[in-house]
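Work through the exercises below with the sequence and the coordinates open beside you. Each one sets a task and then solves it step by step.

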Amino acid sequence: MLHHILQAYDGRLPDHCHVLFADTGKEHPATYDFIRECAERWRIKIEWLAMGHEGYDTPFDALIARKKYLPNPRTRFCTEYLKIRPIRAFMKAQGYDRWANIIGLRADEPGRVKKALDRCTKFYTSVAPLWEAGVTKDMVMDWWSRQPFDLRAPEGCGNCIGCFMKGRDTLIATEQRHPGSLAWWAEKEKQIGATFRPKNRRMTYAEMIDFANRQGNLPLADSTESIACACTD
Ligand code: SF4
């Protein structure tokens, strides 16, 4: 999507277009490489936004320490504090009162598109050009297959690697394929003495790690694309 926008402006974004990446600190390393590579190869400035986290490893660590409880599907304050607020603060600091929030959701994600478009606020209106143009996942994959570089994050590792909005099987399969992926999440549950999801509804992260170690490889049953994370802000 960004590349098409760039082409529409003959390879140089106008000053009123800002490309923002809100960093939680818990993305897959390949995601960070990919963002840097997009900036270098396409010669664009990508604003790297991160909540202040002095004294903590990542913005997510700092946020949990400050809140003293864990985000969960009902109270997803990680999205709010680590993505929405830093983006809003950046735009306001540039002097904007209102802006268009251009998101890369596709035509084959109508549920997520509807949620995102419904989330317009007094500050911004969301726009989903890929959805409007009927662009599907296959078309995006085909486009990337013809590029000299690509996102090398393994399947299931988009957004925060261990995001509690992902399906249980995806998380277990991720831990099996990449041991240690869920360690931080298990550690946070232990530290806070609570769980990201109600215990009676889903295994804890420590239990998922244990399960991953004892079972044969699970298929990635529910892909990242199916999560209702809406962390597209
Ligand atoms: S990807 Fe998941 S864990 Fe990360 S900020 Fe979004 S909702 Fe929170």
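**Exercise 1.** In the loop between which two elements does D10 lie?

*Solution.* D10 lies in the loop between α1 and β1, where helices (H or I, at least four residues) and strands (E, at least two) are DSSP runs, numbered from the N terminus. Before going further, note that this is a predicted model, in which local features need pLDDT of at least 70, side-chain atom pairs count only at pLDDT 80 or more, and totals for chains, interfaces and linings use all residues. Residues are numbered from 1 along each chain as its sequence is written. Next, look at the backbone of D10: its phi is near 55 degrees, a positive value in a residue other than glycine. Finally, D10 counts as exposed because it has 7 C-beta neighbours inside 10 Å; a residue is buried if 20 or more other C-beta atoms lie within 10 Å of its own, exposed if 12 or fewer, and partly exposed in between, with C-beta atoms placed from the backbone.

**Exercise 2.** Find the loop that holds R43, and decide whether R43 is buried or exposed.

*Solution.* R43 is in the loop between α2 (29-41) and β2 (46-49). With 11 other C-beta atoms within 10 Å, R43 is exposed. R43 also has a positive phi, of about 50 degrees, although it is not a glycine.

**Exercise 3.** Describe the protein as a whole, beginning with its elements and ending with its dimensions.

*Solution.* The secondary structure comes to ten helices and four strands, and from the N terminus on the elements run α-β-α-β-α-α-β-α-β-α-α-α-α-α. For 233 residues, a compact globule would have a radius of gyration near 17 Å, and the 18 Å of the protein agrees with that; the radius is taken over C-alpha atoms, and the globule rule is 2.2 Å times the number of residues to the power 0.38. Along its principal axes the C-alpha trace spans about 55 × 40 × 30 Å. Of the 233 residues, 27% count as buried. Among contacts with a separation of 6 or more, residues 24 or more positions apart account for 71%, two residues being in contact if their C-beta atoms, placed from the backbone, lie within 7 Å.

**Exercise 4.** Which elements give two or more residues to the largest nonpolar core?

*Solution.* Start from the core itself, a set of buried Ala, Val, Leu, Ile, Met, Phe, Trp, Tyr and Cys residues joined through C-beta atoms within 7 Å. The largest one has 18 residues, of which I172, L182, W185, A186, Y205, M208 and I209 touch the most other members. The elements that give two or more residues are α8 (168-177), α9 (183-192) and α10 (205-214), and α10 gives the most, with four residues. A second, separate core of nine residues includes F60, A62, Y81 and L82. Returning to L182, and leaving out residues up to four places away in sequence, its contacts are G162, L171, E175, Y205, M208 and I209.

**Exercise 5.** Determine how α8 packs against α10, and then treat α3 and α4 in the same manner.

*Solution.* The axes of α8 and α10 come within 9 Å and cross at roughly 60 degrees; axes are lines fitted to C-alpha atoms, for helices over the stretch in contact, and angles run from 0 to 180 degrees between N-to-C directions. The two helices are therefore oblique to each other, given that angles under 35 degrees count as roughly parallel, over 145 as roughly antiparallel, 65 to 115 as roughly perpendicular and the rest as oblique. In this packing, R168, L171, I172, E175 and Q176 in α8 meet M208, I209, F211 and A212 in α10. T170, L171, I172, A173, T174 and E175 are buried in α8, and what covers the buried residues of α8 includes α10.

For the second pair, helix α3 (residues 59-67) and helix α4 (residues 77-93) pack at an angle of about 125 degrees, with their axes 11 Å apart, which makes α3 oblique to α4. The contact is made by P59, F60, L63 and K67 of α3 and F77, C78, Y81 and L82 of α4.

**Exercise 6.** Is E189 buried or exposed, and which residues does E189 touch?

*Solution.* E189 is found in helix α9 and counts as buried, with 21 C-beta neighbours inside 10 Å. Not counting residues up to four places away in sequence, E189 touches L70, A194, T195, F196, T204, Y205 and A206. The C-alpha atoms of E189 and A206, 17 residues apart along the chain, are separated by 8.5 Å.
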